[in-house]
Amino acid sequence: MSAVPSDRVATMTGEGLTGQRLAYRRSRIWIEKAIEIALLSAALVSVFVTIGIVYVLVSESVAFFRHVPILQFLTDTQWTPLFDDAHFGIMVLLSGTLTSSAVALAIAIPLGTIIAIYLSEFAPFKVREIAKPFLELLGGVPTIVYGYFALLFVTPLLQRVYPDLPGFNLLSAGLVMGIMIIPYVSSISEDAMRAVPMALREGSYAMGATRYQTATRVVVPAAFSGIASAYILGISRAVGETMILAVAAGMQPNLTFNPLEPAATITAYIVQVALGDLPHGSIGYQTIFAAGLTLMVLTLTFNILGHVLRRRFRETY
Amino acid sequence: MDAQTQDLAKIRAIIAQHKRWDAIFGIIGVLALMVGVLTFAALFADMAMQGLGRLDWNFFTAFPSRKPAQAGILSAWVGSVLVMTVTAFFAVPLGVAAGVYLEEYASKNWVTDVIEINITNLAGVPSIVYGLLALGLFVYQFGFGQSILSAGLTLALLILPVVIVATREAIRGIPQSIREGSYALGATQWQTVRDHIVPYSSAGILTGIIIGMARAIGETAPIITIGALTFIAFLPPSPVSAEFPFLNFEWLTSPFTVMPIQMFNWTSRPEAAFHVNAAAAGFVLVVMTLAMNGLAIWLRYRLRKNIKW
């Protein structure tokens, strides 16, 4: 008892103790409430970010569509917003975005799926332990570095095979973008496949199926809803990718679906305008928000599609 | 040969064929992996071969210049460090607090649902859209201008979902008995969170923070969108000063450049000499992000091995 200070010994008797405890408790309750509200506000920041994105994109786009009718925006076949004879045909930028994404997905989806099946069903433990972190590293390389690689390594390489290929083209940008997206597709697909219960595989093996048959006819269909999410994420990445295209595909608007040509994408156009010095509030400034809104609508469409697919093919065990 | 042995031979042939398919797919899988490995090897080797010659002390202490051989990344790496400081300052407390709220406090109601759906969706928003948000909101509406503060805030919002998800996953790994033990000793909810939940999940949270920062450091598009200049041959005002109060915050409003923007600038010039600089800057960038991601992976591996509740 000797270690307890004398003033505290005094309060440990009689009413003083209860009163103090109650006061302490009351203050604690208030502090607890205040902390919970502070934590809730931190969580609400994400909601405000979404509201902010929608607000900024829509308000600037509304100003833009006051100058340019939506019909013209959707159907015009030229994109020359900064010329005297201004045309605002988003199709031109959209064609670049879709073409480069198609090239990227033609690489990322097959390779990503094969890697996921291999790692989940075939690979020995050691290979998986090394390959997974490696793929993660591949996904962590900054996109500007991939852009440099596409422009100054892949394009010259392709030009040896096909000498007429221009220095800027959608093909090499799309190819590198595809490699960049592989880790996103493979890691989510693999997680989905590994979540398929062992009993299904065992059932399949018991019927005499080989690994390959089990993987393609039992595991992949069972995990399809997860694999679909992986594909959707891959598509979103491809559509929203910026630096690889801004560096390697050129910034010249070009209505084409030929990957061998240079073309600007929606994202590359935003970068191009941002690099210049457009005055705040000008029509040129507003175009990038209209372009951004188009991009958001595009990714949102794919996300909703993915949601529907997931619902449709969900298997529960 | 009678019918039975003939059937047996047929079945054997089918089995052999299917087994061959197994082997073939195993090879295809390894080849697919090799595409990734070889691309990465080519990328790394190309950067190293082109850029290593330019990597000397001078490269880190010189400003960008019109003469490629004298140009350096001083303003770029200083800018990156300052922007990352702002990003971490906002993203870490906000992300951890949001993660703690969602795991420990949130009740199952529509507010929680809205927050959760939001975080999932934000993780899929293209990074350039964050740049547009920052341009409209931070640069013009709030009047922060094209400053380190605007860039840091933008990247903080960008990596917020990464930090939140990592925090939640780390907290989810803590068994309920820890909380019950704490409550049984009379601790309040906040005391439990502060003294038990957050400390025990700190390694997992740290992993998420490192991955988020590695992403932020290489992010180019949103920072270009807010209009960061590409030719900056000066440093922002120093955050530390000799007189009282020793710290000043003028640097927050200063124009700046960062490593990926400097690299983009050099890459998009036609002269090959600048491409060498771009390769050198890219090499530094790749090594930096690899080191950070590697650290995160290693941390996670250690964590998985050591903690047995």
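The following exercises, with worked solutions, concern a predicted model.

**Exercise 1.** Determine which secondary structure elements chain B has, and in what order they run.

*Solution.* Step 1: count the elements; chain B contains eleven helices and zero strands. Step 2: read from the N terminus; the order in chain B is α-α-α-α-α-α-α-α-α-α-α.

**Exercise 2.** Compare the radius of gyration of chain B with that of a compact globule of 309 residues.

*Solution.* Step 1: take the reference value, which is near 19 Å for a compact globule of 309 residues. Step 2: set against this the value for chain B, 26 Å. Step 3: consider the extent of the C-alpha trace, which spans about 100 × 65 × 35 Å along the principal axes of chain B. Step 4: add the burial; 45% of the 309 residues in chain B are buried.

**Exercise 3.** Describe the contact between chain B and chain A.

*Solution.* Step 1: count both sides; 67 residues of chain B meet 69 residues of chain A. Step 2: find the main contributor on the side of chain B; helix 1 (residues 3–51) supplies the largest share, 17 residues. Step 3: classify the residues on this side of chain B; 42 are nonpolar, 22 polar and three charged.

**Exercise 4.** State how the two domains of chain A are placed and how they touch.

*Solution.* Step 1: note the bounds in the domain assignment, namely domain 1 (6–67) and domain 2 (90–313) of chain A. Step 2: give the separation; the C-alpha centres of these domains of chain A lie 41 Å apart. Step 3: count the contact residues; domain 1 of chain A contributes eight residues and domain 2 of chain A eight residues. Step 4: classify the side of domain 1 of chain A; five residues are nonpolar, two polar and one charged.

Key:
Residues numbered from 1 in each chain as written. Chains lettered and ligands numbered in written order. Predicted model: local features only at pLDDT ≥ 70, side-chain atom pairs only at ≥ 80, totals over all residues. Helix = DSSP H or I, 4+ residues; strand = E, 2+ residues; numbered from the N terminus. Rg over C-alpha atoms; globule rule 2.2 N^0.38 Å. Buried ≥ 20, exposed ≤ 12 C-beta atoms within 10 Å, placed from the backbone. Contact = placed C-beta atoms within 7 Å. Nonpolar A, V, L, I, M, F, W, Y, C, P; charged D, E, K, R; others polar. Domains from an automatic or database assignment.
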